[in-house]
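Student: Could you show me how to read an interface and a surface patch in a model like the one below?

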Amino acid sequence: MDKINVVRQSPLTREDQSDPASKLTVQLSKLLPALLRHAILIFFTAIILYPVLWMVFASFKTPGEVISNIWGLPTSLNLDSYVSAWARANLGTALLNSLFVSVGTVALVVVLSSIAGYAFAKFQFRFRALILLIFIFTMQAPTPVIPLYVLFVKLGLTDSYLGLILGTASGGIPLSIFIFQAYFQSIPSELREAAKIDGCSELVAFLRVVMPISGPAVATVAILQFVGAWNDFFLSLLLIRSPEMRTVPLALQVFFYEFGRVEWNSVFAALSIGTIPMCILYLVLQRWFIQGLTAGSLKG
Amino acid sequence: MASITTSVQRDSPRGSWGFRLGKLSPYLWILPALVLYSVFKLGPLIGGLVLSVLRWDGIEDPVFVGLQNFERIFSDDIVGLALTHNVLYALGTVTGKIVLALFLALLLNQGMRGRAFYRTSLFMPVVMSFVVISILWSWLYNPDFGLINSLFKSLGLDFLALNWLGDTDIALGALIIVDIWKWYGFHMVIFLAGLQTIPVELYEAARIDGASNRQQLRYITLPLLKPVMVVNVTLSLAGAFNVFDIPFIMTQGGPANATMVMAVHIYLRGFKFYRFGYSAALNYVLLVIVTLVSALQLRLMSSNDGD
C-alpha cells in the first residue's frame, strides 16, 4: 500500500507551484487514467464473468430461446433443462463419484506427502538430493498414455474408484511434498527436540506436535489436490468404461457429444450443475483457493 | 531383507538395532509416497520403453519390432504437423498469457478500488474444469448462434463473424484464446505476488534520482520480476506442450488436423487405431521436449539465486 502512495505523490509535488487552471487539468488527467484503468480491468473481468453468467442464463431458456434470444436474460425460469440433464447425464451419480475420488485423493496425498515432506525437511540421508531431483524432472513429464492404461488393466484397476484415486494422487505427490517440506522447514527444530526429550519418538513428535500446527500446509495441499481431482478429465477418459462410474467431467463430455447438437439448454444446465458447487466453494474460501492453487508456482 | 536384519540383530545390544533402524528410518518415511509415485508415474515412463519396441494392438500377442516404431515417427506426417501446432500453441499462449497478465497486474498493483473483486473474478476460471470451459467455448464460437459472432454482427463487424472452429486457418488460434482465457487471471495473481516483494525504497530512491515512471518500470520492476517471469513462462510452456483437453473436446484435432497436437495424436493412435507400441514411442518425443523445458526452468531459477 505504501508503494502506491509514493507513486501517486510524484506528479503532485511537481505541479504544486503551477496556476489553478493547470491544476484542474492535472486533476482531470489524474482522474482519467484511473477511469481508464478501471475501464480496462472491467473489460477483461467481463470477458471472464459474462460467459459464465451467460451459461447459467442459457440453462433456464427453452431450446428455441437459446437460439433466438442469444444475449438476453431468460424470459422465464424454465427448469425442464435441469430435470432432463440431471436424469440423462446421470449427474447425481457423477457428482458422488467425483466427490469420492476427490476426497480419497486428498486424503491419500495429504497423508503420504506430509510424512515424506517431513523426512525431506528434517532428516539427512544419502539419496535425498537424488530423489528430489527425480521428482523435479519427472513431475511435469507427460505420462505415457498407453503404458499407463496397460498398467491399470494389469492391476485390475480400470472402472474403479481406487484406480482413479491412485492415478490422480500419484501425479500430485511431488508438488505436495515440496509444499510440506517448505512448511516444515519453517517450523523451528526446537519444537521437535523438546518433544523428543519428553520421550516422544520421532513419529509421535510428528503426529502430536508438528501436524497440529501444520494446518496452512494441509489446506494448501488439500485445495490443490481437490480442485485437480474434481476437474480431472483425462484419467477418467482413460479408465472409466461403465456409465455409472463416470465422474462429472466425463459425464459432461459424453452428454455434450450426445446432445450438444440438439438440446443446448440441457447442456448448459449440466455445465451449470457441474460448475456451480466448485465456484461457490471458491467464492467462500477464495483466499485459501488463490493461495493454494498458486502455491506450487510461488514456492520459488 | 528386513526380516534377515532383525533375526541377525536379535541378541545384539539394543543400541545397534536402533542405530540401524535410525539410518533406514528416513527412507521408511518417504517410502509410501515413493512407491505410489514410482508405480503410477515412473512405471509408465519406464515401462513405455518396453512397449515402444513392440507392435501390439492390445489383443493379440505383441511382436518385437526393434526400433521400427521410432523410425516410423520420421515418416509420420502428422507428427511434424502436431509438433508445429504445439510450438505455435506455445508461442500464442505464452505470449498472450504473459503480456495480458503482466499488464493487468501492473494496473491492479496501483492500489485500485475494487482490487479484491477484480482479483477474485479474474482467477475464477482456474477452478473450472477444462471440460466445462471447452464446451462453453464451443457454443460461444458457434458460427450461427454463438455469443461472439452475434456480438460482431450487432456491431456491424460482419467480416469478423468467422467459422471459428471450422476454418482450418483460425481453429488453432481459437483454441489458443480459450487457453489464455482460462489462465490469465492465474498468471496475473503470480505477477501481483512478485510485485509485492519489490521494496518500496527502490522506487523512492529512483524518484529522487529523477527517474520517470517508465524508467522505474524498465529498470526496477521488470528486472526484479524476473523470478516470477521465469515461473510463469515455464509453467505455460510446459502446459502448451502437454495440452490435451481443449483440442480433444473442442475439435478432436480437426478440422483436417488443423488443431492436431502431440497429446491428441498419441491418444488417437492408441485408442482409435490401436497402435499401442507406436503410441508409446510417440510419447518419448513429447517427453524429451518437456524435460528440456524443465531443465531450462531449473537452469534459469538457479541463475537467479546466483544474482
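## Reading a patch and an interface

Tutor: Keep in mind that this is a predicted model. On chain A, the element that gives the most to the nonpolar patch is helix α14 (residues 264-284), with four residues.

Student: Which residues make the nonpolar surface patch?

Tutor: A:Ile276, A:Ile280, A:Leu281, A:Val284, A:Leu285 and A:Trp288 make the patch, which covers about 520 Å². A:Trp288 has its place in helix α15 (residues 286-298) of chain A.

Student: Is A:Trp288 buried or exposed?

Tutor: A:Trp288 is partly exposed, because its relative accessible area is 39%, and partly exposed is the class between under 20% for buried and over 50% for exposed.

Student: How is the size of an interface often given?

Tutor: The size is often given as the accessible area lost when the parts come together. In this model, chain B and chain A bury about 8900 Å² between them, with 79% of that area on carbon and sulfur atoms. Of the area that chain B buries against chain A, 10% is supplied by B:Trp29, B:Phe40 and B:Trp139, more than by any other three residues. Helix α2 (residues 14-51) of chain B provides the largest share of the side of chain B that touches chain A, namely 17 residues.

Student: How many residues does the contact take from chain B and from chain A, and how many residue pairs are in polar contact?

Tutor: The contact takes 98 residues from chain A and 93 residues from chain B. Between the two chains, 18 residue pairs are in polar contact, counting pairs with both residues at pLDDT 80 or more, whereas the rule finds zero salt bridges across this interface.

Key:
Residues numbered from 1 in each chain as written. Chains lettered and ligands numbered in written order. Predicted model: local features only at pLDDT ≥ 70, side-chain atom pairs only at ≥ 80, totals over all residues. Heavy atoms only, no water. Patch = residues over 30% accessible without salt bridge, like charges linked within 9 Å, V, L, I, M, F, W, Y side chains within 5 Å. Areas by Shrake-Rupley, 256 points an atom, 1.4 Å probe, with all protein chains shown as cover. Salt bridge = Lys/Arg side-chain N within 4 Å of Asp/Glu carboxyl O. Helix = DSSP H or I, 4+ residues; strand = E, 2+ residues; numbered from the N terminus. Buried < 20%, exposed > 50% of the residue type's maximum accessible area, 1.4 Å probe, protein only. Contact = heavy atoms within 4.5 Å. Buried area = accessible area lost by both parts, 1.4 Å probe. Polar contact = N/O pair within 3.5 Å; in protein donor to acceptor, adjacent residues only side chain to side chain.
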